[in-house]
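Okay, thanks for coming, everyone. Let me put the structure up and walk you through a few spots in it.

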Amino acid sequence: MTELPSAVANWLYNVIQPQYTNKQFTYTHVYQFLQVYLNKGFKIRTSVYTSGNTGHSNLLINLFGSIEVGQNLNVPVTIWIPLNYPYHASGHSSDDIGVPIVYITPDNSKNWFIKPGNNVDTQGKFYHPYLSSWFREYNNQPSQYNLLRLVSTLHTSFLKDVPIFHQEPLRYMSPVHTGPDNHKIPEKPAKIPINSLPVPLSHNSLEEPNASRQNTGPSLPPIPLKYQSPLPLPNERNAADAQRDREIRVPIENEKRNTHQSNLLSQERNYRVNPDKTIQPHRYQTRPQEINTVDLMDNDDISVTQSVTNQTYHEALEVLSRNINENLVETSKDNINSLLPDVNTNSKKIDALYQQLSHHNQQACANGENLENHISYLTNQVSSLASLNNELIQLDGLNSQQRNTVSINSKSNFELDNLVVPDLALVNQLYDVASEIKATKDSISLISGNFQSESEIINDSRMDVCVKAVRGLGRELFWLEVMKREIAVNSMGLSS
């Protein structure tokens, strides 16, 4: 065994003192446990334990570490020390009678899991006849029930049946086909090259099918231009709209200009025929030009379709193909499979932080209750001191008014002359003699077994020694009584 550091021993003592019932036993057992297992990887802390039977939560000492059961196998365990450790007769449940609580705590992140058995349930709680007989046999054999023997029992049980097992993570394997080659999974299609994209049909190419149909039946109406090529993309549609507006606006302006020129020529011709008539200037009222919006879906004009150039069409399809291929690649930054590990890690951190904050919140609530109890206690003490101070002030006023009496409260007082002051040497000697007489009588009563229900000391083996001691005490008691009578009666004149 090795000595514990003073910091650990002081911490353990300070933790046990406020709450634990059997402080000395708890401190001794935990101290001995740490002397053996602290260097073997076990650690100690305080943590909140919630009882599965009562639902109550308490801040308990927690011992956690691993017990070696093989060359490469360690079983992690957690031992909770209840507040009534190691024994409490008035406990109402298994968590209140002082028996330590043991759990198997494998690391699930490393693919270690609990294997339920005869001594371990699915939650990892450890059961054993040693723990079952703890409460029943502790008073008869207290040395057999402690933390060191508990760990030895755990080691023996784990050697017989290891309560944990390791499971490799599941790996998704691609299915293997044993049938003919025509049942294989098709491969992902390759990226479509730009040169193989369809080109919009021209007006001349649409007339040939119609001509061939006239030979076999009635003529069919021509295919509208809006269905002869794919619909333009949004960016291309805006460009097509602007180009179409320019193409529509130019013929309208040319037509207005030609109409205006023809009107001027007709007026000049009329003036030559009838010069008497004055030419009235034509008044034009300027009106805002109305732009007729034409829907591409309903326009069959060949110029609108030709306004969308093949170069813009190919560029848009290339951008669209690139975006689709990036979204299909699994190594994309925005893929959910790449973000899932970070999400799981952050979720575990949040859960751990929540548990830590809950623990601190419970400690803060407990500290708040303790502070309120201390405040109420101090308030009562202050009020009692104030009342005593007022009473002393009243007694001081009464004693200052009386010269021959002393008041000890508001109802009782006594005369100063009745106070006896032992200022003589004979008085002190008389007190010493009286005390020695009392001590000698008590010694004789102790030997005979009559002193405060103590068992008698005298027996067959010590008969001679006790008789000699009583004879000497009796002789000394006689001379003390003579001295007492001489001082009290003859010298001081006191009555016997």
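So, how many cavities of 30 Å³ or more does a search of the whole structure find? It finds 2. A cavity here is a set of points on a 1 Å grid over the protein atoms alone, where a 1.4 Å probe fits but cannot get out. The volume is the space filled by probe spheres set on the points, with grid points joined across faces, edges and corners.

Quick housekeeping: this is a predicted model, where local features need pLDDT of at least 70, side-chain atom pairs count only at pLDDT 80 or more, and totals for chains, interfaces and linings use all residues. Residues are numbered from 1 along each chain as its sequence is written, and side-chain values use heavy atoms, with hydrogens and water left out.

Back to the cavities. The second largest has a volume of about 60 Å³. Its lining residues, meaning those with an atom within 4 Å of a point, include Lys 115, Phe 126, Ser 157 and Asp 161. That lining splits into 4 nonpolar, 4 polar and 2 charged residues; Ala, Val, Leu, Ile, Met, Phe, Trp, Tyr, Cys and Pro count as nonpolar, Asp, Glu, Lys and Arg as charged, and the others, Gly among them, as polar.

Now the sheet. It's an open one, 4 strands in the order S1-S2-S3-S4, with antiparallel pairing. S1 (43–50) and S4 (101–104) are the edge strands, each pairing on one side only. From one strand to the next, the twist averages 35°. Strands are DSSP runs (E, at least two residues), as are helices (H or I, at least four), numbered from the N terminus; two strands pair if DSSP finds at least two bridges between them. S1 and S2 (residues 57–68) are joined by 8 bridges, and Thr 46 has Ile 61 as its bridge partner in S2.

Helix H1 (residues 6–19) lies across S1 and S2, at about 25° to S1. Axes are lines fitted to C-alpha atoms, for helices over the stretch in contact (heavy atoms within 4.5 Å), and angles run from 0 to 180 degrees between N-to-C directions.

One backbone oddity: Tyr 85 and Pro 86 are joined by a cis peptide bond, omega about 0°. Pro 86 sits in the loop between S3 (74–81) and S4.

Last one: is His 29, in helix H2 (residues 23–37), buried or exposed? Buried, at 10% relative accessibility; the cut-offs are under 20% relative accessible area for buried, over 50% for exposed, partly exposed in between (1.4 Å probe, protein chains only). Among the residues His 29 touches, not counting those up to four places away in sequence, is Tyr 85.

Technical notes: 1 Å grid on protein atoms, 1.4 Å probe; cavity = no way out; pocket = protein on both sides within 12 Å on 5 of 7 lines; lining within 4 Å.
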